[in-house]
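Biologist: I am new to this structure and would love a close look at one part of it, the neighbourhood of one strand. Could you walk me through it step by step?

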Amino acid sequence: MTLRLALDGVYLQPPTDDDLVQLARRAADPGAVLPPGEAHFVTWIAGRTPQQSAQDRIARVQANRDHTRRPGWTLDLAVMVEEQPAGVQSLSGFDQWPHHRVVGTTSWLLAAFQDRGIGTLARAAVLELAFAHLRAESAKSWVLDENRASIGVSTKLGYRLIDRHHITEHGSRYAEGVYQLDRDAWLESPVRPRYRPAITGAEHLVHLLDR
Ligand SMILES: CC(C)(COP(=O)(O)OP(=O)(O)OC[C@H]1O[C@@H](n2cnc3c(N)ncnc32)[C@H](O)[C@@H]1OP(=O)(O)O)[C@@H](O)C(=O)NCCC(=O)NCCS
């Protein structure tokens with residue numbers, strides 16, 4: 001049974017090769033995900049040609065499908081809106097998994113789907129998968145200070161800012177915040193009932209990632 005996370009008419013599931021090619025091609029067009037001045041928000045877009053970016057993305061998601069490889073793992077899910085792939089929500093377990101169950105998230109949506117609450121639904125859906133099914137202890141998100149939409153999603157879902165530092169990307173220096181949400185805070189959060197997805201087909205993944 002295929003993994004599926006469904007919430008408010010949006011659903012997340014592992015992308016088919018067709019979904020992946022469609023998403024990668026659309027996302028690689030300049031401005032399709034981020035305006036030109038903001039391309040540095042997402043490292044796999046910044047500094048690459050559209051063709052390189054599309055090829056890299058397809059190859060990475062295909063390699064990530066093998067969840068038996070360690071250390072660490074990444075689950076990439078297509079965000080489906082009206083039966084169309086609108087973006088990708090990823091969830092990763094870090095190197096020490098399953099001894100230390102810390103996950104990270106990354107996501108992007110095509111511009112037409114942004115700022116409509118869909119990114120919040122997608123992040124909440126994978127948090128529920130991580131905390132209630134995969135027994136994660138905490139979820140972290142690294143976000144540039146300028147990326148207000150990503151910070152907006154984290155804040156709405158109850159993450160707290162735990163660290164700030166500077167990073168250098170392509171010769172420019174940016175301030176980055178580290179946001180964290182712990183398992184108990186999520187399970188008892190007042191926002192959880194509002195954003196609780198129906199999760200089906202998770203058993204195989206839970207079994208694989210417990211090893
Ligand atoms: C980050 C992203 C996935 C969020 O998804 P989204 O659907 O746009 O986000 P939502 O609509 O669910 O929520 C965004 C929140 O941030 C707020 N926000 C957006 N832009 C903002 C700005 N410039 N200043 C302040 N708040 C802002 C929104 O108002 C909203 O909060 P609200 O519901 O309380 O009003 C999406 O915007 C995206 O794909 N961005 C480009 C790629 C990227 O930066 N990815 C993250 C790095 S991995």
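In which sense, parallel or antiparallel, do strand E6 (residues 138–144) and strand E8 (residues 172–182) pair, and over how many bridges?

Modeller: Happy to! First, a word on what you are looking at: this is a predicted model, in which local features need pLDDT of at least 70 and side-chain atom pairs count only at pLDDT 80 or more, while totals for chains, interfaces and linings use all residues. Residue numbers start from 1 along each chain, following the sequence as written.

Now to your strand. E6 and E8 pair in the antiparallel sense, over 7 bridges. To see one of these partnerships, find Trp142, whose bridge partner in E8 is Val178. Two strands are said to pair if DSSP finds at least two bridges between them. The element names come from DSSP runs, numbered from the N terminus: helices are H or I runs of at least four residues, and strands are E runs of at least two.

E6 also pairs with E5, here in the parallel sense and over 3 bridges. Look for Val102, which has Ser138 of E6 as its bridge partner. Together with H3, these two strands, E5 and E6, form a right-handed β-α-β unit. Right-handed has a precise meaning here: with the strands pointing away from the viewer, the path from the first strand over the helix to the second runs clockwise.

Just along the chain there is a detail to look for in the loop between strand E4 (84–93) and E5, where Pro98 lies. The peptide bond from Trp97 to Pro98 is cis, with omega near 5°.

The β-α-β unit also leads us to the ligand. The shell around the ligand has 23 residues, and the closest are Gly119, Thr120, Arg148, Ala149 and Gly152. A residue counts as near the ligand if its C-beta atom, placed from the backbone, lies within 6 Å of it. Strand E5 (102–109), helix H3 (118–133) and helix H4 (148–156) are the elements that give two or more residues to this shell. H4 gives the most, with 6 residues.

As for its chemical make-up, the shell divides into 9 nonpolar, 10 polar and 4 charged residues. In this sorting, Ala, Val, Leu, Ile, Met, Phe, Trp, Tyr, Cys and Pro are nonpolar, Asp, Glu, Lys and Arg are charged, and the others, Gly among them, are polar.
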